[in-house]
Amino acid sequence: MDISPERSLSENGGYDSSNEAHADDVNIQSLVEWLNHALPHLNMPLDASEEELRAYLIDGTVLCSILNKFCPGLVEMRGSSEPGPENIRKFLAAMDELALPRFVLADIQEGYMEPVLQCLVTLKTHIEFNGGKESIREHLRRRWNLPKMEFSEGIYNSQVDTMTYGENSSIYGEERQRDSFDNKYGSASAALVHDVVHNLSEMFQQKQGSYADLSDSNILELMKSNGLDNTSTRTLFSLVNRILEESIERKNGHVHHMAHIVKKVMQVIEQRVSTQAVNLKDQNNLYKVRLGKCQSRIKVLETLAAGTTEEIRVLLSQLQQIKIEKTKIEEKKKLEEQELLRTKQEKIQSDIENSTLKHELEIAKTTHEEHCLLLQVQAEETKVELEKKLKELECFLAESMKRVKELESFSESKSQRWKSKEGSYRSFIDYQSRDLKELRAAADSVKHEILKAKRSYAEEFNFLGVKLKGLADAAANYHSVLAENRRLYNEVQDLKGNIRVYCRIRPFLPGQSKKRTTVEYIGENGELVISNPSKQGKDSHRLFKLNKVFGPAATQEEVFLDTQPLIRSVLDGYNVCIFAYGQTGSGKTYTMSGPNMTSQEDWGVNYRALHDLFQISQNRKSSISYEVGVQMVEIYNEQVRDLLSSDGPHRRLGIWSTTQPNGLAVPDASMHAVTSTADVLELMRIGLMNRAVGATALNERSSRSHSVLTIHVYGMDLETGAVLRGNLHLVDLAGSERVDRSEATGERLREAQHINKSLSALGDVIFSLAQKSQHVPYRNSKLTQVLQSSLGGQAKTLMFVQLNPDVDSYSETISTLKFAERVSGVELGAAKSNKEGRNIRELMEQVENLFIHQYL
Ligand SMILES: Nc1ncnc2c1ncn2[C@@H]1O[C@H](COP(=O)(O)OP(=O)(O)OP(=O)(O)O)[C@@H](O)[C@H]1O
């Protein structure tokens, strides 16, 4: 966009900061065109940028040349080798001379082209405005009405000034009439001015031409209108000097005129100074704006610097990263090199292997070829063989064909036979179908029968229902019947006697077969005749009567049969005591325990009793719940010891004097709950191990103590809740032989004495009970105290009297039998006196058997 001088310049020739046009607004192209036109040698591109233009202008040559173009010799340029700033300064001075706005040197040096371009635009406008292609000098000459003359360098200004104040006085005279000064002083003043000017002119001339060119007419011309405004300051100062010098020299009365002129000049100077001040102010503002821009640029640059620092930091970190990666790549490269080396080695190795394989392949190939040859030979041989076989097969085929023909003829005969068989089968099938028909008829009749049976079944079912109802009613009374049975059964037992004495005669042991026996006769009803071989006559035989006598041939089972009923009494709440009495070696242990536990056939009374006990309790479990506990004690030298104690049989136990409700006579003895015969057998095994056994002269296994195994039974009737308590004492007594026979002395003698004493006490107690005496001497021995609950009252006692049949044991046999007779004699005596008693006893046994069968 073109900028007109009115817009771009202030009235005083400076820049108007408020209307400051930007360089962008300046049409650089028109400026370039203008410069190219004025200075064709420039040949500047029309689309030159601001920066390119600056490059042309920077050394000031172009600027000075443009001025000289229009005003030749206006600016004295230095050579092109001279530095640019000097030419620019000259250009700027010339612009000052022309009173045109200009830029400052720093603008073009720093690339601040806006004022530079404005200056050029102004200059261009000024030149165009003042006559187009006319030179400035012409313009000035005409403006100041100066004669055409050559300008010489250095005196240009003074010449212009001289010309200005020279010939063209007529203009001055014309203009003078419009001046206020002229209005005040009239024509007189004009004469005076003329004088002054004249004088001044002279004065100038006298001053060796210093001011000679400042003629009066020129001064008048200057004084006209605003002629001073366009006069340079230097001229003005010259004018003032001249006036002052002249006034001093002349000292005439034209002081007032002079003062007026001076005043006028001073006003112009003041105005110019103020204009300069405004310009300076504007420039100051301009500088401030520039400063602000510079500061913003500095900030931008600082920001850029900060950004650059950050970028440097990032770049450094990237560089570090790159270094690390480089190191990694180098390591990788090393590894790859190693790998390459390894691969090369492997390749060498594989080459070696390849060559080896090739060699092997060659060998294999050779071998294969040989093998092929061999196979070919074999194939040839095989072919020959096959051909041979083929011939054989052909022969075989011919034979087979022959056989086929034979078979065909055979099959034909067979088929004829089959046909005849078919006929016979057909007749058989006809026969079968007839049978089938008969069977169907029979099935119908069976069906009929089944229907009939079904009907009768329904009837029977009803009948059974009625019966079942009866049974249910009977079952309701079952418990009461059971209780009644129990009662009756034990009454029968009571009638049979609460103390029973069975005698068992031991057979001779192997090696004793040639010995003579003392047993003469064994009766069926307990009679026993013992013969004394040393005596003759009547005294040689003695008759004993016991409940029953078992001969040497009696088995364990037969012996137990008479014991069995008592076991049921235990489960019914009665106390039972079974023991064997006899001399050492007479078979007590055999009868009570048996020789061998493992064989059920050899089981003694103890094991069989226990077996029955648990069997019956199992059978009754629907009506009575039983709990069974076991104690086992030993009575040795009148001291009671626990045979089942975990500490061993060392501790002496106390005995309760009276029978306790729970049936425990030795409460401190350990009680062991058992649920089966095996449990009890195990406890007995432990007890027997703990039992003190010592060798004697008569029997190496002779017991020197009594052992008492007590089985406590606690039963509860599930229907009524009634409690039953019973206990079974199984006693293995110590040997009853005479002390003198045992040849015992010392400790053994004392043991024998205790044994005899306790056995004697047992006899006394049983005798007293049988006599129904007021006093029963239980306290005479530990044995009777322990067995107190099973001796007397409703308790049942069974004693096995064991006899050794050897004549050498005659006296022991007799004493044993006397003991037995004493125990059971009263009852037997009573029964003997009453013939019916025998019949009653037999009857009781029958009833007992009857109950046993019902009971179980
Ligand atoms: N009925 C019998 N049949 C066969 N042998 C028997 C019979 N009774 C006992 N014996 C045998 O006689 C020997 C002595 O028997 P056992 O040990 O039972 O006598 P004991 O009276 O218990 O003696 P101790 O008082 O010393 O214990 C044993 O060898 C035993 O096997």
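The sheet in this predicted model is open and has three strands, in the order β2-β3-β4, with antiparallel pairing. At its edges stand β2, residues 519-522, and β4, residues 541-545. Each of these two has a single partner strand, so one side of each is left without a neighbour in the sheet. Averaged over the sheet and with direction ignored, neighbouring strands are turned by 20° against each other.

Let me take the two pairings in turn. β2 and β3 run antiparallel and are joined by three bridges. Within this pairing, isoleucine 522 has leucine 528 of β3 as its bridge partner. The two strands form a hairpin, with four residues between them. In that turn, glycine 526 has a positive phi of about 95°.

On the other side of the pairing scheme, β3, residues 527-531, pairs with β4 in the antiparallel sense over five bridges. Here serine 531 has histidine 541 of β4 as its bridge partner. As a general reminder, strands of a sheet pair through backbone hydrogen bonds, either parallel or antiparallel.

I turn now to helix α17, residues 564-571. Is this helix enclosed or not by the rest of the structure? It is largely enclosed, because seven of its eight residues are buried. The buried residues are Pro565, Leu566, Ile567, Arg568, Ser569, Val570 and Leu571. Just after α17, glycine 573 takes a positive phi, of about 105°.

The next topic is a helix pair. Helix α19 spans residues 605-619 and helix α20 spans residues 677-690; their axes come within 9 Å and cross at roughly 150°. The crossing of α19 past α20 is right-handed. Which residues make the contact? From α19 they are Tyr607, Leu610, His611 and Phe614, and from α20 they are Thr677, Val680 and Leu681. By character, the residues of this contact divide into five nonpolar, two polar and no charged. In general, an α-helix has 3.6 residues a turn, so residues three or four places apart point the same way.

Finally, I come to the annotated segments. An unreviewed UniProt entry lists residues 312-346 and 376-403 under "coiled-coil region". How does the model render these spans? Over residues 312-346, the chain is 100% helix and 0% strand, with the end C-alpha atoms 48 Å apart. Residues 376-403 are likewise 100% helix and 0% strand, and the end C-alpha atoms of that span lie 39 Å apart.

Terms used: Residues numbered from 1 in each chain as written. Predicted model: local features only at pLDDT ≥ 70, side-chain atom pairs only at ≥ 80, totals over all residues. Axes fitted to C-alpha atoms, helices over the stretch in contact; angles between N-to-C directions. Left-handed = near helix turned anticlockwise from the far one by under 90°. Contact = placed C-beta atoms within 7 Å. Nonpolar A, V, L, I, M, F, W, Y, C, P; charged D, E, K, R; others polar. Pairing = 2+ DSSP bridges. Buried ≥ 20, exposed ≤ 12 C-beta atoms within 10 Å, placed from the backbone. UniProt positions renumbered as here; feature names shortened; annotations may be inferred.
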